[in-house]
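Me: Hey, I've got a new structure to look through and could use some company. Can we go over it bit by bit?

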Amino acid sequence: MSYVPNTDSERRRMLESIGAESISALFEQIPPSLILQRHLEVPGPLSEIELRKYASEISRANACLDDYTCFLGAGIYDHYIPSTVPAITGRSEFYTAYTPYQPEISQGNLQAIFEFQSLVCRLTGMEVANASMYDGASALAEAALMATSITGRKGWVVSSCVHPAYRETMRSYAWASGCRVVEVARTGISTDFEDLGRHVTDDTACVIIQNPNFFGTVESLSEAEAAAHEKGALFVVCCDPISLGLLKPPGEHNADICVAEGQPLGIPTGFGGPLLGIFACKKEFVRQMPGRVVGATTDANGRRGYTLTLQTREQHIRREKATSNICTNEALNALAATVYLATLGKHGLRRVADLCLQNAHYAAKTIATLPHYELPFDAPFFKEFVVKCRKPITEINKRLARKKMIGGLDLGRFYPELVGHMLLCMTEKRTVNEIHSLIEEMAS
Amino acid sequence: MIPEDLRYTASHEWVRVEDDLATIGITDHAQSELGDIVYLELPKVGATVQSNGVFGTIESVKTVSDLTSPVSGEVVEVNDELPDAPELVNEEPYSGGWMIIVKMEALIELDELMTAEQYENFIQEH
Amino acid sequence: MSAEPTIFELSSPGRTGVDLPAADVPERPVGELLGAENLRDALPLPEVSQVDVIRHYTRLSSINYGVNTGFYPLGSCTMKYNPTVNEEIAAYPGLSKLHPYQPEELSQGILRVLYDMQFFLAEIGGMDATTLQPAAGAHGELTALMLFKRHHERVGEGHRHIVIVPDSSHGTNPATAARCGYEVVKVESGPDGRVSISALKAELSREVAAVMLTNPNTLGLFETQVAEIAEMVHDSGALLYCDGANMNAILGMHRPGDAGFDAMHFNLHKTFGAPHGGGGPGSGPVAVKSFLEPYLPSPMIGFDEGRYYLDSDRPDSIGRLHAFYGNVGVIVKSYAYILSLGASGLKSVSENAVLNANYLLNSIADAYEVPYGRRCMHEFVASASKQKALGVRALDIAKRLIDFGFHPPTIYFPLIVPEALMIEPTETESVETLDAFAQAMRAIAEEAQSDPEVVKSAPHVTPVTRLDEAAAARNMELQWTGGD
């Protein structure tokens, strides 16, 4: 099925009307030596019946989080997605639309993005937000590039407690643009702020902290903020949007730029994508901010409406002088986050955050009483915590999998000094029974 | 009407010279090509500018253009009404929309710049 | 005075959209667990009932135009029909409720999808290896230029600092090159709309790292001398990149790898049927020739002894550009699309896309200037210069098309055609739709002569008329500041 409506006779009629002999004649511009002389080696065609059968088979070869209880976090989370979210993102007026370059027929999309920007500002305490980036990792890299553009400096000082994949992404972007990532040591599972202070110099464009950090620890941001601003560097915070149901937002910590991974806000885990890069900053930097931005205005009759604005910063106008090369972003996922935040609202988000916190602390406290397990670090945490395991983590996770549970992340994978330590996550979806099943299995 | 007492550049700036001070802005033709001006990036007082060098940018809804200085020297005054009222450039390009005043390093040869008549011919041809 | 208030205006204290279960673990004071000084005071999110949330966003959807609403001929965007079965499949829990770090043994299905796609795209593009990590076309361009940069470093040519792009290129090309620290040099198109070989030759040197081309180009013309260009570029020591946005013209007919391109990106949300989402999510995989394979982002998907696995043992990789493996949810849709079509279906896509574009071009060529003649590939550029002489611009024509029930084509791009209207019908449109659109275009050309005001004041049927974009930029109201 190629979804082509025109029949052979219609095609013949069309060819006649344009004076072409055949469809191949229309490909005359391609030199014959460059025309493919064989069929592409791809499977198919499959009818819808066959496709569904095959897709079901493939999907059954995966453990899905409906069947396996997830205690794994590390940047992607099994949070509750209200049914209102897919009901709205599944509306094809939204999902089959293009970027809203013709505002008169895109007011739905534009207003939704305007609301998204507004909600992000309120959640993060920042003054302006854009319409989204690809994910938290690339948003963080773009934040660093923006800091370089504003300060003219090339050093990016980053805590080693920032998600390893985010730091890796930053290193790639840094290498491409001639900047430098400078990593700050950790004490236990928190940033070593003394080490941070030593690394901030006159060539530091930004100081970057993740809060809660990769290990789930709630960091103290004021020291990093002071160290950054003392030397004229920008203070960049990468946060967990769910934690902002309880925690003081980066805007109140005087962050210059705030980014986040928005997947917890109504977006499926999706095997890691698509995600949602959240990006917000101080108003004074709005002209250096990458990405699209929607503004409110009025039409010729004085009616309120919305439109893409400050487009002159973007690639399609500014070209090589643009603030970024980003074009397509994650608009439908921004819509998902908007519906999520509207549905949960003030009370719901606070409640979700509280449930995560309570579940995580209860689980941690209980695990600490088990022989063979230890909570070696004493630091405040939100929904994730680190457990030291005497038994090999691969063994533990194999046994958990047999009982239809997905165990925590083996931190040795990213931090060689933390072999034997597991990062466990409890979201609001975890019940006390599920937590007990985990603990029973870990104990046996 | 293109003011007779000013001089013009090929990049559509105008200059008014009084002693060693040069006031610079953009022409009516330029503002009409750009459309509604939304933002200007101008230098600070004390900055130096070079002849044929970029001294700032001017932004409309659909484009961003460089502003080029016809003279070298030090910026002694900047129009501080423009940040809040960029539309002055559209409404009064030759008066209220003035941008910077430069204390010239050396007296420029006025003949190097176009007269009103020469500028009029220039925009007709292009 | 707007048709639909903002969600904040619908807020009323005490309301909520869902109930959450009570905590079933013993609760402790939040301040104790997090530190009281770390807590926020106010959380200024709206308080809206579920019915109001659903009504509000449903009403917003009704003032939004998508491909499912009607014809959407945006040039270079390939707004084809997004098959509903692909949406359904991508939402299977077994394909979407997966954690990227879950055990590989429990992810063999999804890893197979990704592994197969690495192969399919290489095959379709005439390349040797593919990375699925880039989240959009521009992201793919960045990935590819980084691969080129790494290659040049490795072979002692790291001094090359220039990237050449044609003047007709998409804005992401030079923006991406600048992101990679390259200086951008523009090369002019010749009178036939194609890259001028002599102009390109004059710019090639030992300083040039890469040339970025779109083929067919943004005028809808195939760069007939592409093989010659590839040879020239390679002889000078530079690499050749293909912006694959226009693949819809050549699926199953021609493969950029066969013409000599070293790397290309695909836009899955254009050519391969995944929806645009109103601005994403997209997916921009990059396929490369074998000499660039070692530098591809990590991890790739491997297959060994009957098992699919994530291959992170890639010492020469440029690293990563995305936290995980790419926009898997979008990739799944394109996977289903490719399987639905098969080789014969993919070829019929380009055959019909090109036929539809030529048919439409010829239907309006009497009313509008068509600067590059009456033959094109999958898209063409018309110019509203005849109408401009009457005071009616491309922008006005675009707005008037809305009154006729169509989404306007791309306007003012590419930059080399004045009053440009870039039109790409795609293969999923019927001849009746094409005829109706051509009729509307001709009617508007007629109005430009007889009643220009009705065109210049369009659109008339929409919830809002033309918006004051200057005020939007001057006032910069980027979030809701009214009362809740």
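Me: Let's start with chain A. What domains does the assignment give for it?
Reply: The domain assignment splits chain A into domain 1, which covers 69–81 + 344–443, and domain 2, which covers 84–339. Bear in mind that this is a predicted model.

Me: Good to know. What distance separates the centres of domain 1 and domain 2 of chain A?
Reply: Taken over C-alpha atoms, the two centres in chain A are 27 Å from each other.

Me: And how many residues does the contact take from each domain of chain A?
Reply: Domain 1 of chain A puts in 24 residues, and domain 2 of chain A puts in 24 residues.

Me: Which elements give two or more residues to the domain 1 side there?
Reply: On the side of domain 1 of chain A that touches domain 2 of chain A, those elements are α11 and β14 (384–389) of chain A. The largest share of that side comes from α11(A), with 7 residues.

Me: What's that side like by class?
Reply: The side of domain 1 of chain A that touches domain 2 of chain A has 17 nonpolar residues, along with 2 polar and 5 charged ones.

Me: OK, and α11 of chain A, which helix of chain C does its axis come within 9 Å of?
Reply: That's helix α2 (residues 50–62) of chain C. Helix α11 of chain A runs over residues 331–368, and the two axes cross at roughly 155 degrees. Since angles over 145 degrees count as roughly antiparallel, that makes α11(A) roughly antiparallel to α2(C).

Me: Is the crossing left-handed or right-handed?
Reply: Right-handed, for α11(A) passing α2(C).

Me: Which residues make the contact?
Reply: From α11(A) you have A:Val339, A:Ala342 and A:Thr343, and from α2(C) you have C:Gln50, C:Val53 and C:Tyr57. By class, the contact of α11(A) with α2(C) has 4 nonpolar and 2 polar residues, with no charged ones.

Me: Zooming out, how many residues of chain C are in contact with chain A?
Reply: 170 residues of chain C, and they meet 166 residues of chain A. Helix α11 of chain C (residues 328–364) gives the most to the chain C side, with 22 residues. The side of chain C that touches chain A divides into 93 nonpolar, 56 polar and 21 charged residues.

Me: How is chain C itself divided?
Reply: Chain C has domain 1 at 85–340 and domain 2 at 344–469. Their C-alpha centres lie 30 Å apart. In the contact, 18 residues of domain 1 of chain C meet 19 residues of domain 2 of chain C. On the domain 1 side of chain C, the classes come to 8 nonpolar, 9 polar and 1 charged.

Me: How many helices and strands are in chain C?
Reply: 16 helices and 12 strands. The C-alpha trace of chain C spans about 75 × 65 × 45 Å along its principal axes. Its radius of gyration is 25 Å, which agrees with the value near 23 Å that a compact globule of 484 residues would have.

Me: We've skipped chain B. What pattern does chain B follow along the sequence?
Reply: Chain B reads β-β-β-α-β-β-β-β-β-α-β-α. That goes with 3 helices and 9 strands in chain B.

Me: And what does its C-alpha trace span?
Reply: For chain B, about 35 × 35 × 20 Å along the principal axes. A compact globule of 126 residues would have a radius of gyration near 14 Å, and chain B agrees with that at 13 Å.

Note on methods: Residues numbered from 1 in each chain as written. Chains lettered and ligands numbered in written order. Predicted model: local features only at pLDDT ≥ 70, side-chain atom pairs only at ≥ 80, totals over all residues. Contact = placed C-beta atoms within 7 Å. Helix = DSSP H or I, 4+ residues; strand = E, 2+ residues; numbered from the N terminus. Nonpolar A, V, L, I, M, F, W, Y, C, P; charged D, E, K, R; others polar. Axes fitted to C-alpha atoms, helices over the stretch in contact; angles between N-to-C directions. Parallel < 35°, antiparallel > 145°, perpendicular 65-115°, else oblique. Left-handed = near helix turned anticlockwise from the far one by under 90°. Domains from an automatic or database assignment. Rg over C-alpha atoms; globule rule 2.2 N^0.38 Å.
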